[in-house]
Amino acid sequence: MADDAVKQAQEAAAAAAEAAKALQAQAAEAIRKAEEAAALAEAAAEATDASAPAAPETPAATGTAGAAPAASGPLDQAQVDAIRAGYALEGAALEIGALVNGEALPDVPVRIPLAMTNRHGLVAGATGTGKTRTLQVLAEQLSASGVAVFAADIKGDLSGIATPGEGNEKLLSRTDGIGQQWSPASFPTEFYSLGGVGRGVPIRATISGFGPLLLSKALGLNETQESSLGLVFHYANKSGLALLDLEDLRAVLAYLVSDEGKPELEGLGGLSKATVGVILRELITFADQGADVFFGEPEIDTAEFLRVASDGRGVISLLEVPGVADKPALYSTFLMWLLADLFTDLPEVGDLDQPKLVFFFDEAHLLFNGASKDFLAQITQTVRLIRSKGVGVFFVTQTPKDVPADVLAQLGSRVQHQLRAFTPDDAKALRATVSTYPKSGYDLEEALTQLGTGEAIVTVMNEKGAPSPVAWTRLRAPQASMSPSPDAVIDAAVAASPLLAKYGTGIDRESAHEILTKKLADAAAKVDAEEAAAAKARADAEYEKMQAKIAADAAKADKKAQAEYDRLMKQTSTTSRSRSSRSKEKSALEQVLGSKTTQNVLTSVITGIFGMAKRR
């Protein structure tokens with residue numbers, strides 16, 4: 001019993017010691033937080049030249065003249081001032097919105113330096129959180145700054161950018177609350193459609209211009225099939241076979257596995273019929289998705305997307321993509337083709353005060369789904385290098401995880417709308433998103449789920465190339481209509497476009513399909529002639545053989561008839577000597593000549609002389 005009492009006393013003492021340590025740690029942490037609060041308050045006092053004490057009881061008690069109190073939100077005054085300073089830019093900038101700290105602070109604007117929009121960016125967020133409106137705000141301000149814009153109109157509501165917006169009490173209350181002097185405006189807009197399916201100016205590309213790598217991505221080919229397709233393009237280019245549309249590519253594929261085409265690839269490895277069969281089947285599916293009208297001529301000159309209107313505003317090019325979910329491969333690879341073509345054609349310009357073009361890649365996840373390593377490498381390289389050509393790229397998608405890490409690392413500005421965490425996968429994606437932000441005064445995992453519609457967590461690359469402070473931002477409202485433009489407005493804009501005469505009507509010139517069709521037809525005609533000549537030669541030989549046999553048979557019959565004749569004549573001569581009268585000899589001769597055997601022999605001889613056997 002004594003031992004048990006001692007043991008219990010020792011355990012109690014150990015527990016008391018642990019509790020004491022815990023209390024000591026809590027006290028140390030409390031002291032540390034108090035010191036931090038004092039330091040932040042002192043920094044705020046210095047920043048605002050205020051006369052408040054260095055360590056007030058409540059950091060929120062300090063404030064900046066004319067600003068909303070900082071205490072209503074998660075940030076203290078020092079953090080608010082740090083954000084204000086972080087977005088106080090010297091050069092031209094895009095106004096994104098105003099800081100939110102419980103309430104919107106109109107005197108703390110959040111901006112993106114115009115020069116940094118060619119360092120690329122990300123607009124992300126769940127469906128219905130305002131990504132499209134953010135895209136519209138950015139596009140409007142870029143246009144107003146003289147920067148051309150290209151964007152795909154996925155849902156059709158971006159077309160409102162060509163129509164002035166309509167103000168209402170709710171809108172004006174919101175804009176006044178963030179310091180935005182709102183007024184309605186429209187912007188110069190060019191409407192495009194893929195291959196003429198829609199109301200815009202048709203955008204087409206040739207198969208050769210598209211290239212085997214992008215086409216392989218669009219067709220969902222594996223590495224072996226992609227390599228085979230590359231060989232086909234190499235052969236077509238070397239042989240002067242223009243690949244303009246899907247029909248041309250199908251013709252080349254069929255030719256290279258035919259008896260006439262197989263020798264063309266000797267020394268290059270050749271093509272497997274099974275591989276070609278897979279590619280041809282995928283081409284049929286691709287055509288059913290609308291690609292058959294997209295590929296062809298005249299091919300769009302991507303320099304058309306860099307135009308500036310007569311009033312100095314950048315032209316906003318909108319691509320109509322109805323039902324993109326039904327043709328994701330065509331849509332995503334087409335946009336990647338545009339970027340690749342721009343990268344190839346544009347000269348190096350280095351870092352400009354403002355980009356020539358900003359390219360918005362909506363539904364960006366469609367581009368990366370199922371992409372091969374080579375394809376992802378090409379995208380990463382294009383995004384990394386195209387900024388030196390004066391082009392900025394903004395990816396618009398639901399979560400940052402939709403964009404590969406190597407691409408995400410190239411993005412300088414981030415506008416993150418609300419994320420939802422309804423499932424374990426959502427929660428994992430949320431934590432991954434939070435981990436990519438700079439250190440801030442927010443509990444980002446909580447803040448990202450509490451953002452309202454039209455609000456976002458923003459961080460950008462400042463004028464010195466460093467990340468700006470993380471800011472909970474209430475975004476500006478677009479000046480143009482947030483509803484689709486009326487059909488009449490779109491139709492009038494398309495009819496007045498200077499590009500319609502150049503690209504409106506498709507061209508069907510001689511290409512691989514026509515060349516190979518003629519080549520195969522000529523080869524077939526040659527084969528037919530050769531087969532006819534061979535057949536005639538065989539018939540002539542058979543006829544000569546038959547004539548020789550007839551002649552041999554006739555000679556044999558003649559010889560046999562002659563022998564029979566000689567025998568009969570000899571027999572007749574012998575018989576005649578035994579007879580004495582002339583009448584009896586005549587009777588024997590008549591008997592010989594009238595016999596059936598003699599008649600047969602004579603018939604054979606006569607018909608042989610006149611050639612009658614030839615007709616039998």
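This is a short talk on the pocket, the cores, the salt bridges and a few backbone details of one protein chain.

Hi everyone, and thanks for coming. Before anything else, please keep in mind that we are looking at a predicted model.

Let's start with the pocket. The largest pocket holds about 590 Å³ of space. It is lined by 27 residues, and those closest to its centre are Thr 129, Gly 130, Lys 131, Arg 133 and Thr 453. What kinds of residues make up the lining of this pocket? Twelve are polar, eight are charged and seven are nonpolar.

Which helix gives the most to that lining? That would be helix 3, with five residues. Helix 3 covers residues 131-144, and at least two lining residues each also come from helix 4 (169-177) and from strand 9 (391-397).

While we are on helix 3, have a look at Thr 132, which lies in it. Its relative accessibility is 14%, so Thr 132 counts as buried. If we set aside the neighbours within four places in sequence, its contacts are Lys 155, Asp 157 and Leu 158.

Now let's move to the nonpolar cores. As a general point, nonpolar side chains in soluble globular proteins tend to be buried together. Here, the largest nonpolar core has 83 residues, and Leu 215, Leu 249, Leu 335 and Phe 395 have the most contacts inside it. Helix 10, residues 328-345, gives the most to this core, with ten residues. There is also a second, separate core of 56 residues, and among its members are Ala 104, Phe 191, Phe 394 and Val 470.

Let me zoom in on Leu 215. Not counting residues up to four places away in sequence, Leu 215 touches Ile 207, Phe 210, Leu 229, Phe 233, Leu 249, Phe 286 and Phe 295.

You may have noticed Leu 249 in that list of contacts. Leu 249 is one of the buried residues of helix 8, along with Leu 246, Asp 248, Ala 251, Val 252, Leu 253, Tyr 255 and Leu 256. Why is helix 8 described as largely enclosed by the rest of the structure? Because eight of its eleven residues, in the run 246-256, are buried.

For contrast, turn to Asn 237 in helix 7, which spans residues 223-238. Is Asn 237 buried or exposed? With 67% relative accessibility, Asn 237 counts as exposed. In space, Asn 237 and Ser 208 are 8.4 Å apart, C-alpha to C-alpha, while in sequence 29 residues separate them.

Next, the salt bridges. How many does the structure hold? There are 13 salt bridges. I'll walk you through three of them.

In one, the side chains of Arg 111 and Glu 95 meet at 2.8 Å, N to O. This pair links distant parts of the chain, with Arg 111 in strand 2 (residues 103-113) and Glu 95 in strand 1 (residues 93-101), 16 residues apart. Both ends are partly exposed: Arg 111 has a relative accessible area of 21%, and Glu 95 has 22%.

Another joins Lys 502 to Glu 304, where the closest N and O atoms are 3.2 Å apart. Here the partners are 198 residues apart: Lys 502 sits in helix 17 (residues 500-503), and Glu 304 in the loop between helix 9 (273-294) and strand 7 (316-320). Lys 502 counts as partly exposed at 49% relative accessibility, whereas Glu 304 is buried at 11%.

The third pairs Glu 455 with Arg 474, the closest N and O atoms being 2.8 Å apart. It connects strand 11 (residues 455-459) with strand 12 (residues 471-475), and the two residues are 19 apart. Glu 455 counts as buried at 8% relative accessibility, and Arg 474 as partly exposed at 21%. Elsewhere, Asp 81, Arg 84 and Asp 107 are joined into one network by salt bridges that share partners.

Last stop: the backbone. In general, most residues other than glycine have a negative phi, and most peptide bonds are trans. Which peptide bond is cis here? The one from Glu 297 to Pro 298, with omega near 0 degrees. Pro 298 lies in the loop between helix 9 and strand 7.

We also have positive phi values. His 120 has a phi near 75 degrees and lies in the loop between strand 2 and strand 3. His 120 is buried, with a relative accessible area of 1%. Glu 363 has a phi near 50 degrees, in the loop between strand 8 and helix 11. At 24% relative accessibility, Glu 363 counts as partly exposed.

That's my tour, and thank you for listening!

How values were computed:
Residues numbered from 1 in each chain as written. Predicted model: local features only at pLDDT ≥ 70, side-chain atom pairs only at ≥ 80, totals over all residues. Heavy atoms only, no water. Buried < 20%, exposed > 50% of the residue type's maximum accessible area, 1.4 Å probe, protein only. Helix = DSSP H or I, 4+ residues; strand = E, 2+ residues; numbered from the N terminus. 1 Å grid on protein atoms, 1.4 Å probe; cavity = no way out; pocket = protein on both sides within 12 Å on 5 of 7 lines; lining within 4 Å. Points joined across faces, edges and corners; volume = space filled by probe spheres on them. Nonpolar A, V, L, I, M, F, W, Y, C, P; charged D, E, K, R; others polar. Contact = heavy atoms within 4.5 Å. Salt bridge = Lys/Arg side-chain N within 4 Å of Asp/Glu carboxyl O. Core = buried A, V, L, I, M, F, W, Y, C linked by side-chain atoms within 4.5 Å.
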